[in-house]
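Reader: Could you walk me through this structure? I am new to it and would like to start with the overall picture.

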Amino acid sequence: MKRLAPLFLAVSIAALSACGQQPAKDDAASTAPDAKPGLALSEGVLVLPAVKGNPAGGYFTLVNNGDKAVTLSAVSVTGAARAEMHETTGESMAALPSLQIKPGETVKFERGGKHVMAFELDPALTAGNTGEITLTFADGDKVSAPLKLEAPGGGMDDMAGMDHSEHSN
Ligand SMILES: [Cu+2]
């Protein structure tokens, strides 16, 4: 009977987290997408909001080691109802509908520049854990990588005051 204990534990954890989730998640994005050849996605970080209900900021480094340009067209964050690519220029921020990355090019999504905003976060996303980010390219290929979940603070102070409502269409 002892062998059953881990199973029960796993089931109850699954049931617990399911209760906290919102319906209609994009579960397809998290089911082991095919890795796009020549692309290296790393340093994924999601900085959780200081105020519950606010969006989280996502950052990563993407290197195109392939011999063709690729076009990044969408991002998704496991546990977020939706995620958008944004670019901050000076004081203003705009949605970034797509981004071309040339062969040999490295693109950094970072504080104060290109970044991901993740909206309607699952409460299960807590600092110290690891999530997942998935990039979708114009040709339909996807790349996923771990996403370090971090507590708010530090460099996020400037983001906290940003108003994202103007492009929440
Ligand atoms: Cu933003």
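Author: What follows goes from the overall make-up to the strands, the core and two single residues.

Author: This is a predicted model, in which local features need pLDDT of at least 70 and side-chain atom pairs count only at pLDDT 80 or more, while totals for chains, interfaces and linings use all residues. Residues are numbered from 1 along each chain as its sequence is written.

Reader: How many helices and strands are there in the protein?

Author: The protein has 2 helices and 10 strands, where helices (H or I, at least four residues) and strands (E, at least two) are DSSP runs, numbered from the N terminus. Read from the N terminus on, the order of elements is α-β-β-β-β-β-β-β-β-β-β-α.

Reader: And what percentage of the residues is buried?

Author: Buried residues account for 25% of the 169 residues in the protein. A residue is buried if 20 or more other C-beta atoms lie within 10 Å of its own, exposed if 12 or fewer, and partly exposed in between, with C-beta atoms placed from the backbone.

Reader: Let's turn to the strands; which ones does β2 pair with?

Author: Two strands pair if DSSP finds at least two bridges between them. β2 runs antiparallel to β1, with 7 bridges joining them, and S42 has T61 in β2 as its bridge partner. β2 also runs antiparallel to β8, over 3 bridges, one of the partnerships being A56 with A118 in β8. With strand β7 (residues 106–109), β2 pairs in the antiparallel sense over 4 bridges, and there F60 has F109 as its bridge partner.

Reader: Is β2 mostly covered or mostly open?

Author: β2 is mostly covered, since 7 of its 9 residues are buried.

Reader: What about β9, which strands are its partners?

Author: β9 pairs with β3 in the antiparallel sense over 5 bridges, and A74 stands opposite T136 in β9. β9 is also joined to β10 by 7 bridges, and these two strands run antiparallel, with E132 having P146 in β10 as its bridge partner. β9 and β10 form a hairpin with 4 residues between them, and in the turn G140 has a positive phi of about 95 degrees.

Reader: Now the core, please: which residues of the largest nonpolar core touch the most other members?

Author: That core has 26 residues, and L46, V75, V77, A83, V116 and A118 touch the most other members. A nonpolar core is a set of buried Ala, Val, Leu, Ile, Met, Phe, Trp, Tyr and Cys residues joined through C-beta atoms within 7 Å. In soluble globular proteins, nonpolar side chains tend to be buried together.

Reader: Which residues does V116 touch, then?

Author: Leaving out residues up to four places away in sequence, V116 touches G57, G58, V75, V77, A83, M85 and F109; two residues are in contact if their C-beta atoms, placed from the backbone, lie within 7 Å.

Reader: Changing topic, where is K114, and why does it count as partly exposed?

Author: K114 lies in strand β8, and K114 is partly exposed because 18 other C-beta atoms lie within 10 Å. Its contacts, not counting residues up to four places away in sequence, are M85, E87, L96 and F109.

Reader: One last residue: where is D67, and is D67 buried or exposed?

Author: D67 sits in the loop between β2 and β3, and D67 counts as exposed because there are 9 C-beta neighbours inside 10 Å. The C-alpha atoms of D67 and G104 are separated by 7.6 Å, although the two residues are 37 residues apart along the chain.
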